[in-house]
Structures are given as structure tokens and as C-alpha cells.
Amino acid sequence: VSSQGNSSDGFLSCLSASIPRQLVFTPSSPSFTPLLKSSIRNPKFFTPSTVRPLYIVTPTNASHVQAAVLCGRRSGLRIRVRSGGHDYEGLSYRSVRAESFAVLDLSSLRAVRVDAQAATAWVDSGAQLGELYYAIGKASGVLGFPGGLCPTVGVGGHFSGGGFGMLLRKYGMAIDNVIDAVLVDAKGRLLNKNTMGSDVFWALRGGGGESFGVVVSWQVKLLPVPPKVTVFNVPVTASQGAADLVTRWQQVAPALPEDLIIRVVVQQRTANFQSLFLGTCDALLPVMSSRFPELRFNRSDCREMTWIQSVPYIYLGSASTVEDLLNRTTAESVFSSGYKATSDYVRQAIPRDAWASIFAKLAQPNAGLMILDPYGGQIAAVPESATPYPHRAGVLYNIQYMNFWSMASGDGAVQTRWIREFYAFMAPFVSSSPREAYFNYRDLDLGENVVVGNVSSYQAGMVWGQKYFKGNYQRLAMAKGQIDPDDYFRNEQSIPPFAKSR
Ligand code: FDA
């Protein structure tokens, strides 16, 4: 620690006045490495060459967060905030370039307070999505929330980057349903929706929290779900006509009634049609036979359950239980797989012959997979500038590309190259000028900040910023200029400050 210089020593002594010692970890502490590893989802960022934090601080209340920010600024040490640690590029706990920083790990700040009567909840950023869903399910059988599928994703990163899942067609994104937030800014002030200003409150909902401060908690609107929902999963292989079906799905899925979502996971030679319907099997059957008869869906494909049961069922499998939503530990099996991911948005249906080529590429050795999430419905009804998330009307579906490898057998170079080549191959079929991408599926291949005069460059940030945010990039940079003009909160893809006087 002493070799890191006075500034970091200053951080520790400054903290000692305001934060109990047992909440601050240095690399010499036996708990440091297990704590660092505890929510890392992509082990390729846990190697000897990874640039790791000097300290980890685990606040248990907002005053600890304020103290960490003030001490960080005073001693010239940057802070990276980690909620669930699922960042695809690991930016919540590692730095690409050599840099001294502390990690503010919010895993001990994870209360969920549901007010079923008012259909609202306050959730702390360190809660995982599964804990939020579980608390909602406990409080009411007829309320839900439209966030992502994976229960261990952190609320902090997920909400501040957008957030969508199986309710996206009915209720839009997580951010479309955030009604208040508590933020610690770069001056250490504790702000809410009214005191942070409307531009900053707008920016936090999709523009990435890490650029604006530390979001301590969020108030969300809860939405009605019926007592019974229906899920199905229908696999179709290439020899059973998967390419034809996916071609047809592109027209069908975005135009279905909002109560129905059918997403597709395409892997090797199989397309898995996965669905959530907000209603009974009896009500679903006529919709499927009139809108998508080609899938040959029938009653035996239906599984009826409550909404809260559908959450683990869809992501963790049919053997899982609602209690599994509370499991926070990253299984060793998950930790042993590195991955590379990226994303696209499709605005015009991809022709049948291109799908034949796509299936051929997905059947290659070391190929990855594609997840297709259909849009339309409520997600498309929100104007592009209402939140920083601009991928709305006109988007047929989102594509996520992912490729995995075993850390024991290699560094993922082959699988990463496959993703990059496949991404290049897909260019003619997806959105362009800009080629849109989802901020929560972060990909540093899209561009990285350049720091000029100790501030991230607005101009350089446009390269990646317009892909994630389209025309909203400039307003995000202006919000950043208001709340953090010195660019204290920054990472490789944080919003650069834009001064109005420019
Ligand atoms: P993490 O803690 O790594 O933070 C991500 C970023 O947000 C970092 O830059 C961090 O500094 C910043 N941040 C975190 N907490 C903050 C806070 N309190 N204040 C300010 N900044 C903060 N997405 C989706 O929309 N739908 C889905 O279904 C899924 N599914 C999914 C599955 C799996 C296995 C993974 C790994 C990821 C997803 N995602 C997803 C993507 C996910 O939404 C995205 O990675 C989120 O940013 C993760 O949030 P965490 O808090 O877990 O990440």
C-alpha cells in the first residue's frame, strides 16, 4: 500500500473518521480477494494481469458512501462503484489502464421495501434483481416489475443502464418505471429527484450511473400481473425449418399483443422459442394459432404458474424454486467460463437466405449464440428522448451475441475473434448510422474514452456514445457537465462532461 504513495494512505486515514474499520479492505486483508471475486461474473477480468483496486469499501448506509466520495476526492483517489458486478467489461472492479482506484462495493446496501398498497418499492442499488422480484412476490401475487432475466444482476448497474426482460413489451424498460432515486454526487451531497435537477435524474435512467455519482437507492413503480401466467419453450432445429421460422418470427413477434413476448435463443443448429404470456393457456392457444401457426404450438407446450414462479423457471430452469432468487453466490461452474458479448438492433427483417448463412456460421466450431428480444408494445411507445435509452419505435428486435470458453482451456482469443467476425458479417442486416448498441451489454470494441487535460473528451466519446445513446449523447454530456464537471467519476466508457459555454 505504501508504494502507492501518500494519496492512497490519505484515503484510509480520511475514511477512518467516518467508516468502521471492518468495512474497509486492503489487499493484505484475507477477505480482500474473496470479496473482490464474490460478484465477478466474467473471470477473464480476474487474472494476474488485471488492474485491481487498492481498496474495497463496503458501505452499509448512505453516509459511508458520502464519506468514501469525499475522502476519494480529497486524497486524489478515484472510485469505481460495484452493485452486482455483472458488467460485461468488468469496469466496476477493474481498470483497463494502470490506475489507482478503490471499489465501493454496495453488496451490503440491499434493502427492498415494498408498498403493495401504493404499488411502489424502494430498492437499494446493491440488491440483486432476484431479491427485488422475491420481495415483490412476497408482498403481492398480482404485482411485478419489468427488469432483466438473470436474478444475480445488480439493481445499480442494471437500472442505470436501462434494463429489460420478459415484460418489456407490456411495461417497457426498468428505467421507464423508476420514479425517484437517491444519488451521492461528486461533492458528497445526498440528492433525490427534486434536488439533483431534472437533467441528472433523466441521465441516471439509462445513461449509466457511474458517470454521475453513486446511486444509493431507487423508487420504482410496480405493475399489475395476472394471478396466472403461461410460459413455454419450443425448440426447433435447422432440419425442422428453424431458418424459415426465425424469418417469419421477425414479422410476427414485434406485432403480437403486448401480453405476449416470444424471444429466440439461437445456438448451434437450434432456435429456442421462449415465451411469457400474461394469461392462461386457454387464452394463449387461439393467439398462437392465429398469429404464429408455423410454430405448431399446442396445449402440451404450456406451463401455467404465478409470475414470481415464472422468473426462476425461465432463467434457472424447471427444477428451480422461488427461493433460488435469493442466492447471491456465483457458482464455480459459472465462474470458470469467460465470455465476450456485444449487441445490435434490427429495424428491417433479415432475409431468409441471410438466416441460412447465419445458421451455418452458428454451427461452426467455437461459435457463439444469439439472443433475439422482440420489441414493439410499450418499449416502442416511449419517445426516443424521454430517457437516454433511444432504441424504441421502429426496432423489430435486439440481438445479443455471446461466446463462452472454459478459462482452464484458453484465453478466449478464438471465441472473441469469432464474435468480432460475426459482428462484421451482420453489419448489412442491422441498424446503421449509427450502428446501435445496448449500453448494458457493454463492449469496449465500440470505443473507449480519451482523456485530454484530465477530462474525458466529448469528441472522442461520440464514437461509442452515439451507438448507445444516439441523439441523447449530447444531453447526457450536459448533465455530466452540471453534476461532475471535473470528471471525477469516470471509466473507459463514462459520459464526458460537456460545458454549455463550448
Ligand atoms: P456492475 O456492478 O458491474 O455495474 C455495471 C456498471 O454500472 C459499472 O460501470 C458500475 O460502475 C456502474 N454502477 C453499478 N452500480 C452503480 C451505482 N449504484 N451507482 C452508479 N453506478 C453504478 N441486461 C438486461 O437488460 N436484461 C437481462 O436480462 C440481462 N441479463 C444478464 C445476464 C447476465 C448473466 C449478465 C452478466 C448480464 C445481464 N444483463 C442483462 C446486463 C446487465 O444489465 C448489466 O451488465 C448491468 O450493468 C449489470 O449491473 P450490475 O450492478 O450487476 O453490474
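Which residues in helix 9 are buried? The points below address this question and then the ligand site.

1. The structure is a predicted model. In helix 9, the buried residues are Ala-242, Ala-243, Leu-245, Val-246, Thr-247, Trp-249, Gln-250 and Val-252. The helix spans residues 242-252 and is mostly covered, with 8 of its 11 residues buried.

2. The ligand is surrounded by 34 residues, of which Val-81, Ser-83, Ser-92, Phe-164 and Tyr-438 come nearest. By residue class, the shell around the ligand comprises 16 polar, 13 nonpolar and 5 charged residues.

3. Three elements each contribute at least two residues to this shell: strand 3 (78-82), helix 5 (155-161) and strand 10 (214-221). Helix 5 provides the largest share, 3 residues.

4. Backbone atoms of the protein take part in several polar contacts with the ligand. For Phe-164, a polar backbone atom is 2.7 Å from a nitrogen atom of the ligand; Phe-164 is also listed among the residues that come nearest to the ligand. For Glu-210, a polar backbone atom lies 3.1 Å from a ligand nitrogen atom. An oxygen atom of the ligand, in turn, is 3.0 Å from a backbone N or O atom of Asp-87.

5. On its own, the ligand has 960 Å² of accessible area, and the protein covers 95% of that area.

Note on methods
Residues are numbered from 1 along each chain as its sequence is written. This is a predicted model: local features need pLDDT of at least 70, side-chain atom pairs count only at pLDDT 80 or more; totals for chains, interfaces and linings use all residues. Side-chain values use heavy atoms; hydrogens and water are left out. Buried means under 20% relative accessible area, exposed over 50%, partly exposed in between (1.4 Å probe, protein chains only). Helices (H or I, at least four residues) and strands (E, at least two) are DSSP runs, numbered from the N terminus. A residue is near a molecule or strand if one of its heavy atoms lies within 4 Å of it. A polar contact is a pair of N or O atoms within 3.5 Å; within protein, one must be able to donate a hydrogen and the other to accept it, and residues adjacent in sequence count only if both atoms are side-chain atoms. Accessible areas come from the Shrake-Rupley method with a 1.4 Å probe; for residues, only the protein chains shown count as cover. Ala, Val, Leu, Ile, Met, Phe, Trp, Tyr, Cys and Pro count as nonpolar, Asp, Glu, Lys and Arg as charged, and the others, Gly among them, as polar.
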